[in-house]
There are 2 protein chains.
Amino acid sequence: MLTVLAGGVGAARFLLGAVEAVDADRVTAIVNVGDDTVLHGLEVSPDLDTIVYTLAGAIDPDRGWGRRDESWRAIGEVRRLADSAGIRADDPNGNDAAGWFALGDLDLGTHLYRTSRRRAGAALSAVTAEIAGSWGLDLRIIPVTDDPLRTVLETTDGRRLSFQEYFVRERHDVAVRRVDLEGREQARPAPGVIEAIREAGVVVIAPSNPVVSTGPVLSVPGVEDAVHSVRDRVVAISPIVGGAALKGPADRLLRELGHEPSVVGVAEWYAPIAGTLVVDRVDAALAGRVEAAGVRCIVTDTVMGPPGVAAALARTCIDAVGTGSQP
Amino acid sequence: MLTVLAGGVGAARFLLGAVEAVDADRVTAIVNVGDDTVLHGLEVSPDLDTIVYTLAGAIDPDRGWGRRDESWRAIGEVRRLADSAGIRADDPNGNDAAGWFALGDLDLGTHLYRTSRRRAGAALSAVTAEIAGSWGLDLRIIPVTDDPLRTVLETTDGRRLSFQEYFVRERHDVAVRRVDLEGREQARPAPGVIEAIREAGVVVIAPSNPVVSTGPVLSVPGVEDAVHSVRDRVVAISPIVGGAALKGPADRLLRELGHEPSVVGVAEWYAPIAGTLVVDRVDAALAGRVEAAGVRCIVTDTVMGPPGVAAALARTCIDAVGTGSQP
């Protein structure tokens, strides 16, 4: 059994490789919900949807998010109405009426369905299973918690932004001094989360943003302890390659929060809970510093562009646990 | 100044004629919100939207509701997901996750915008003005109230249905024993409603369903009194023609609630507040019984299919008030 702690795009690509490397019904993804938000009254779960759409082959391959063959008629109307009324995205409340979050028509169907089911009392994990089931997916995709957990980024000028406000509206082009995970004290792991960690042959921490993707996953009480208890079987994949994030603000956030934006910083971040860190070949020279941080270092191809890289990376993670647990 | 108490389709067609007969900026529509509902978490106002879309020339001319050149990608996804999960429209909660209410993609844009604006604290009347403004409409379109007012139909088998559950999901093919207007005691007229009635040269009660369209409008405390106070200037147009509703269940509801489903029943219904009732030529023989109910009866063409009928009907209503106030 392979369990993957997952954010969005990077984790989704790794999971595509994982279900090539092992039978899909042996794979469980435990997914970040700190990015979840309510837009226009709709419950939106970007990381869950990115993973489902990617595994279903329904993701837009160019954007890396949202649906393939998407149309934008509904949000176009929203923007027309907002323009007419002078509603701006950058007003003090970050008014979502301005349509700054691009929701495609097909994607809206997912949000309409999820919102209805949630309002009817279904847990997010149950609705996620329904959505994944509609695509015929055999892997398990579980939100880390069914309770509200929200990543809030406090900027150096004192604003408190939801993840989507930070990431989409502000294009992560603002300085952050602090990240809070609102609701974490009250959040309980969703059904199956702790078991999937404890009983996994290998737990992979996907190459997702450690601060705002795997961070919220690990913040749910009980999750980090469970991961720690199987540390020898935990393999993290560095989302930092050559000192930069492949996508998104992981490097910038690490730096702003006082960490080194390199595989060494990632090694220090994960050392308490991961026995192994996989880094890209471009960072081979840093392997010694990674191991000095207290994790075994494996050097391989980690950039999941070319076909086969993701599956090979999954096999590397699995083999890593089979071949020893300490550097 | 012409003020029209309005439901959906019939009222919208009359208003098209009204803005042909007089300058649009002299016309005010006071619109039913008892049909409003929350679907998938979105605030939907069917009568307001039907009027806006019709006056904007954006209505689908064949269906009579929703947008012209509409697409159905989002709701198609909802239905695919519901089918996969076995969610049915006819479960005890009438689960809207089944997608029984057809929301088009363009139409969804209106609901997304309205819901965002409402969640940001804007009153329904303010949002309605924004939406109407985006279409360049010069007439005023005001929801009768900014407060929650919900038409609930109790069926003879004891179920309590929202208007949309009754009208769309059940296709108004169930027997009703009672209609409640939930929230009416607490509802206050929206800004401008009472003035638009008191100061109008003519108040027209559109040929809408008296039970579930103009009924909720008149139920808001203060509205019926205001209409009553200008009774001599109030002209109702019968929605019943030849003993049947042109569209929808007005005849059936009148009968089920103990009223005669004819222009005579309509005359009795409106006599306390309307000085004049306009009936169709096919009901000319009933003019005497209409007047016996206590309203002046005007006989003319009321079926607003052919071009020119709606404008002529508006002129007839205006002239009716100019030429005398009692039978």
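Two strands are taken to pair if DSSP finds at least two bridges between them. On that basis, an open sheet of 3 strands in chain B of this predicted model has the order β7-β6-β8, with antiparallel pairing. Its edge strands are β7 (160-162) and β8 (176-182) of chain B, each of which pairs on one side only. Neighbouring strands of this sheet are turned by 30° against each other on average, direction ignored. Strand β6 (residues 150-155) of chain B pairs with β8(B) in the antiparallel sense over 6 bridges, and B:Arg150 stands opposite B:Glu182 in β8(B).

**The parallel sheet**

Chain B also holds an open sheet of 7 strands, in the order β5-β2-β1-β9-β10-β13-β14, with parallel pairing. At its edges stand β5 and β14 (296-300) of chain B; each has a single partner strand, so one side of each is left without a neighbour in the sheet. From one strand to the next, the twist averages 20°.

Three strand pairings, two from chain B and one from chain A, are set out below, each with a pair of residues that face one another.

| Strand pair | Sense | Bridges | Facing residues |
|---|---|---|---|
| β6(B) and β8(B) | antiparallel | 6 bridges | B:Arg150 and B:Glu182 |
| β1(B) and β2(B) | parallel | 5 bridges | B:Ala6 and B:Val31 |
| β2(A) and β5(A) | parallel | 4 bridges | A:Thr28 and A:Arg140 |

In chain A, strand β5 (residues 140-143) is covered on both faces. A:Arg140 and A:Ile142 are buried on one side, and A:Ile141 and A:Pro143 are buried on the other.

**The nonpolar core**

The largest nonpolar core has 217 residues, of which A:Val4, A:Leu15 and B:Leu15 touch the most other members. Helix α1 (residues 9-21) of chain A gives the most to this core, with 8 residues. Leaving aside residues up to four places away in sequence, A:Leu15 touches A:Val4, A:Ala6, A:Val27, A:Ala29, A:Ile51, A:Leu55 and A:Leu139.

**Symmetry and the contact between chains**

A turn of 180° and a shift of 0.0 Å along the axis lay chain B on chain A with an RMSD of 0.0 Å. The two copies are thus related as by a two-fold rotation axis. Among the residues of chain B, B:Gly41 comes closest to this axis, with its C-alpha at 2.7 Å.

The contact draws 35 residues from chain B and 35 residues from chain A. On the side of chain B that touches chain A, helices α3 (73-85), α4 and α5 of chain B each supply at least two residues. The residues of that side divide into 14 nonpolar, 13 polar and 8 charged. Of the interface residues of chain B, 100% are also interface residues in chain A, so the copies meet through the same surface.

**Helix α5 of chain B**

Helix α5 (residues 124-134) of chain B has as its buried residues B:Leu124, B:Ser125, B:Val127, B:Thr128, B:Glu130, B:Ile131 and B:Ala132. An α-helix has 3.6 residues a turn, so residues three or four places apart point the same way. The buried residues of α5(B) pack against α3 (73-85) of chain A. Within chain B, they pack against α2 (46-55), α4 (105-119) and β5 (140-143). Just after α5(B), B:Gly136 takes a positive phi of about 70°.

Methods. Residues are numbered from 1 along each chain as its sequence is written. Chains are lettered from A and ligands numbered from 1 in the order in which they are written. This is a predicted model: local features need pLDDT of at least 70, side-chain atom pairs count only at pLDDT 80 or more; totals for chains, interfaces and linings use all residues. A residue is buried if 20 or more other C-beta atoms lie within 10 Å of its own, exposed if 12 or fewer, and partly exposed in between; C-beta atoms are placed from the backbone. Two residues are in contact if their C-beta atoms, placed from the backbone, lie within 7 Å. Copies are superposed by least squares on the C-alpha atoms of residues with pLDDT of at least 70 in both. Axes are lines fitted to C-alpha atoms, for helices over the stretch in contact, and angles run from 0 to 180 degrees between N-to-C directions. Ala, Val, Leu, Ile, Met, Phe, Trp, Tyr, Cys and Pro count as nonpolar, Asp, Glu, Lys and Arg as charged, and the others, Gly among them, as polar. A nonpolar core is a set of buried Ala, Val, Leu, Ile, Met, Phe, Trp, Tyr and Cys residues joined through C-beta atoms within 7 Å.
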